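Trainee: Could you walk me through how to read a core and a sheet in a model like this one? I'd like the general idea, then the case at hand.

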Amino acid sequence: MKHLARGFTLFELLVVITLVGLSVFPLLFSAKQAGQLESLRTSTLVFSNALQEAHNSARDSRNQSAWGVIYLSENEYQLVYGSNENNTVSRVVTLENGATFKDPFVSIWFAKGSGNTPPQTIKLKNELGRVFEVNVNELGIVETKEEQKP
């Protein structure tokens, strides 16, 4: 009597590999989405902190100057003091990978002594379309929130 070799056929192995691949793909996509969302959150927090630092420095008259944040590019800005026409750069900041400003803004300046500023809303976005808002009111108070999709 002959013994038949037991094992898997090539077709069965291909089916199993395909099923495993299809079940792992959504997990990889989900991990990418989570990473991009975290980059956007981090960029929003760092930008918000830079605005708060500018507000506090202007209010305390650090360097006897107004302080502000100036837009450089879709993913870069600088913290400065002085005036819009004549300023000194404190530092340049680049947003996290995948995060950008939704719309360009010229600058946000906080008045020396009071920290007041005209109210503004700056939006940051990621490649997947998620948007976070950074709101600065006339007293220089900074708030952030995620924009809700309609």
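Mentor: Sure, and keep in mind that this is a predicted model. Let's begin with the core.

Trainee: Which residues touch the most other members of the largest nonpolar core?

Mentor: To read a core, look for buried nonpolar residues joined through side-chain atoms within 4.5 Å. Here the largest one has 24 residues, and F47, L51, V69, Y77, F101 and L124 touch the most other members. At least two residues each come from helix 1 (10-59), strand 1 (66-73), strand 2 (76-82), strand 5 (107-110), strand 6 and strand 7 (131-136). Helix 1 gives the most, with seven residues.

Trainee: And what is F101 in contact with, leaving aside its neighbours within four places in sequence?

Mentor: Its partners include F47, Y71, Y77, L95, I122 and L124, and also S73, E74, N75 and E76.

Trainee: Now the sheet. In what order do the strands of the open sheet come?

Mentor: The order is 4-6-7-8, with antiparallel pairing among the four strands. Strand 4 (100-101) and strand 8 (142-146) are the edges: each has a single partner strand, so one side of each lacks a neighbour in the sheet. Strand 4 meets strand 6 (residues 120-125) over two bridges, and T100 sits opposite K125 of strand 6.

Trainee: What about strand 5: are its faces covered or open?

Mentor: Both are covered: S107 and W109 are buried on one side, I108 and F110 on the other. Strand 5 also runs antiparallel to strand 1, joined by four bridges, with G68 opposite W109.

Conventions: Residues numbered from 1 in each chain as written. Predicted model: local features only at pLDDT ≥ 70, side-chain atom pairs only at ≥ 80, totals over all residues. Heavy atoms only, no water. Pairing = 2+ DSSP bridges. Buried < 20%, exposed > 50% of the residue type's maximum accessible area, 1.4 Å probe, protein only. Contact = heavy atoms within 4.5 Å.
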